[in-house]
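Trainee: Could you take one single strand of this structure and go through it slowly with me? I would like to learn how to describe such a part with care.

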Amino acid sequence: MAGCEAMLIVAGIGCRRGATGDVVVEAIDMALRTSGLTRTQLALLAVPDEKMHEAGIHAAARDVGVAVAPVTQQAMERVSAGALTISARVQDLKGVPSVAETAALAAAGNGARLLAPRSANTMATCAIATGDGR
């Protein structure tokens with residue numbers, strides 16, 4: 001696809017407290033497969049700033065070879081209309097329809113769009129978004 005090289009590919013992560021790196025990587029790999037992408041195309045993991053202390057997220061980032069970027073609650077709320085998944089539970093607890101999807105959208109920048117609904121296992125969710133990174 002023309003111009004695709006300039007697009008930033010971001011994995012948004014949501015997880016339960018104490019999720020291991022392996023569980024987070026499993027969610028990332030599921031989301032990448034669903035989106036038709038590979039780990040080498042991934043530029044960044046985006047997480048709510050309140051999750052920046054989670055060791056499993058940082059272990060997953062090391063495993064897939066990308067950095068972790070915090071996303072503010074305000075930024076996630078700003079892009080929430082672009083979410084494909086709507087969880088009433090997450091909306092009540094976190095104020096957004098999907099943590100993974102809104103984190104990915106917020107970090108992907110202008111023109112951000114999800115490539116597929118979030119993927120989930122018992123401890124983590126992941127959504128892939130692309131945007132211009134600004």
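Mentor: Two strands are said to pair if DSSP finds at least two bridges between them, and this is the idea to keep in mind while we look at strand β2, which covers residues 44-48. Please remember throughout that this is a predicted model.

Let us begin with the neighbours in the sheet. β2 pairs with β1 in the parallel sense over three bridges, and it also pairs with β3, residues 67-71, again in the parallel sense, over five bridges. The residue A46 is a good place to put your finger, because a bridge is what counts towards pairing: G12 stands opposite A46 in β2, while in β3 the bridge partner of A46 is A69. If you move on to V47, you will find that its bridge partner in β3 is P70.

Next, follow the chain as it enters and leaves the strand. β1, helix α1 (residues 21-35) and β2 make a right-handed β-α-β unit, and β2, helix α2 (residues 55-64) and β3 make a right-handed β-α-β unit as well.

Now consider the surroundings of the side chains. In a regular strand the side chains alternate between the two faces of the sheet. For β2, L44, A46 and P48 lie on one side, L45 and V47 lie on the other, and both faces are covered. Since buried means under 20% relative accessible area, we can then read the strand residue by residue, and five of the five residues of β2 turn out to be buried.

Finally, look across to β1, the partner that holds residues 8-15 and is one of the elements supplying at least two residues to the lining of the largest pocket. That pocket has a volume of about 600 Å³ and is lined by 25 residues, with G14, C15, R16, R89 and V90 lying nearest its centre. The element that gives the most to this lining is α4, with four residues, and by class the lining has ten nonpolar, seven polar and eight charged residues.

Methods: Residues numbered from 1 in each chain as written. Predicted model: local features only at pLDDT ≥ 70, side-chain atom pairs only at ≥ 80, totals over all residues. Heavy atoms only, no water. 1 Å grid on protein atoms, 1.4 Å probe; cavity = no way out; pocket = protein on both sides within 12 Å on 5 of 7 lines; lining within 4 Å. Points joined across faces, edges and corners; volume = space filled by probe spheres on them. Nonpolar A, V, L, I, M, F, W, Y, C, P; charged D, E, K, R; others polar. Right-handed = clockwise from strand over helix to strand, strands pointing away. Buried < 20%, exposed > 50% of the residue type's maximum accessible area, 1.4 Å probe, protein only.
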